[in-house]
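Visitor: Please take me close up to the aromatic rings. Then show me what lies around them.

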Amino acid sequence: MAGKIQIPDELKKDVPPSKWGKILVATPIVMTVIATMLAGLASSEMTKAQYDRSAAAQLQSKAGDQWNYYQAKKLRSAVAHNTLDLLAATSEVNPLTADALPGADAATIAALVKNELPAATPAKFDDGVNVALETMESSKPESDVTAALGKVKDTTLADALVAAKDAATAFDNATKPINKASDKFDETLMAGDKGVFRNFSAARLRYTAARYDEEAKLNQSVASIYELQVRKGNISAEHHHRRSGKFFFGMLAAQLAVIVSTFSIAARQKSFLWSLAAAAGMGAVSFAAYVYFCV
């Protein structure tokens, strides 16, 4: 835009060759360049806000998936507990012994006989992440959550998410051999002594319920970190949106400066060219005001 503004030599001759005269001539060009830069910044900030909103929406979908997993695990745990209670109420159930599981490894015996799950190590998070989680889970005002998340970097949240997923994966990998062994014993014991099979079924139900409870906790941890990322993305979007508005106002102010300086030269020269430029500037400001307040 700055390259399109040319001051005729006839007007340059009549402008006083003083410092003020030089400023008067250069002001429209400088202000036009500034207005263009501010318009670009406003557009850039708005694009960033839209990107953050879109990213937050995608993260919200992932958080929803994790909450669905959490609810499914809790539901399966409840079903296993109810089935166990029904089995105990309708038949005689005795503790399962290791002799009923020939060839079982130590982890399977511990899970089915001693009701001991593999160690599930919860993910360790940064202190700032823990504070933000506590603030969000305790349903404190949004301003408190915003303040807590303001102290947490995006990379820190990303690391926390990786740690939460790794903890869930580690527990899943630790229980897979036990699950396979349980399926195998279910097939072999079903055809044998009914009392032993009933004891095994009760032990398996106890293990299954406990496993689902632990998996639900790990899924809840992953979902909570996703929720923090969603909140932080929305906070960032609001920040960029406010900056865009301020740059827009700055662009309008620069356009106004172009008009005022153009009017000054027009008043000195009574030039139709400068009057036309002032009219164009006023039209641009009017249109910007219409877009801002009405569109």
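Guide: Buried means under 20% relative accessible area, exposed means over 50%, and partly exposed lies in between (1.4 Å probe, protein chains only). Keep that scale in mind. The model is predicted: local features need pLDDT (the predictor's confidence in each residue, from 0 to 100) of at least 70, side-chain atom pairs need 80 or more, and totals for chains, interfaces and linings use all residues. Numbering starts from 1 along each chain as its sequence is written, and side-chain values use heavy atoms, without hydrogens or water.

Start with the rings. The structure has two aromatic pairs. A pair needs ring centres within 6.5 Å, with the six-membered ring used for Trp among Phe, Tyr and Trp; planes under 30 degrees apart are stacked, over 60 edge-to-face, the rest tilted. One pair is W67 with Y70. Their ring centres are 5.8 Å apart, and the planes meet at 90 degrees, an edge-to-face arrangement.

Where do W67 and Y70 lie? Both are in helix α2, residues 19–90. Helices here are DSSP runs (H or I, at least four residues; strands are E, at least two), numbered from the N terminus. W67 and Y70 are three residues apart, about one turn of the helix. An α-helix has 3.6 residues a turn, so residues three or four places apart point the same way. How open are these two residues? W67 has a relative accessible area of 26%, so W67 is partly exposed. Y70 has 22%, so Y70 is partly exposed too.

Now the other pair. The ring centres of F197 and F200 are 6.5 Å apart, and their planes are at 35 degrees, so this pair is tilted. F197 and F200 sit three residues apart in helix α7, residues 194–269, so about one helical turn separates them. Here the surroundings change. F197 is at 18% relative accessibility, so F197 counts as buried. F200 is at 0%, so F200 is buried as well.

Stay on helix α7, where Y207 also lies. Is Y207 buried or exposed? Its relative accessible area is 1%, so Y207 is buried. Contact means heavy atoms within 4.5 Å. Apart from neighbours within four places in sequence, Y207 is in contact with A111, L112, N115, L117, T175, I178 and N179. Y207 and T108 stand 99 residues apart along the chain, yet their C-alpha atoms are 10.0 Å apart.

Farther along, H240 is also in helix α7. H240 has 13% relative accessibility, so H240 counts as buried. Setting aside neighbours within four places in sequence, its contacts are E45, K48, A49 and D52. Back in helix α2 there is S43. S43 has a relative accessible area of 44%, so S43 is partly exposed. Its C-alpha is 9.5 Å from that of G245, although the two are 202 residues apart in sequence.

Next, the nonpolar cores. A core is a set of buried Ala, Val, Leu, Ile, Met, Phe, Trp, Tyr and Cys residues joined through side-chain atoms within 4.5 Å. The largest one has 18 residues. F125, V129, L133, L149, L157, I225 and L228 have the most contacts inside it. Helices α4 (127–137), α5, α6 (154–190) and α7 each give at least two residues to this core. Look at L228: beyond four places in sequence, L228 touches V129, A132, L133, M136, L149 and L157. A second, separate core has 14 residues, including L101, L112, I178 and L189.

Helix α5, residues 142–149, has V145, A148 and L149 buried. They span an arc (taken from the directions from the helix axis to the C-beta atoms) of only 95 degrees, which puts them on the same side of α5.

Step back to the whole protein. It has eight helices and zero strands. Of its 295 residues, 36% count as buried. Among contacts between residues at least 6 apart in sequence, 83% join residues at least 24 apart.

How far does the predictor's confidence reach? The mean pLDDT is 82, and 78% of the residues score at least 70. Helix α6 is highest, at 93, while helix α8, residues 272–294, is lowest, at a mean of 51. Over residues 270–277, pLDDT stays under 50. The model has eleven contacts beyond four places in sequence for that stretch.
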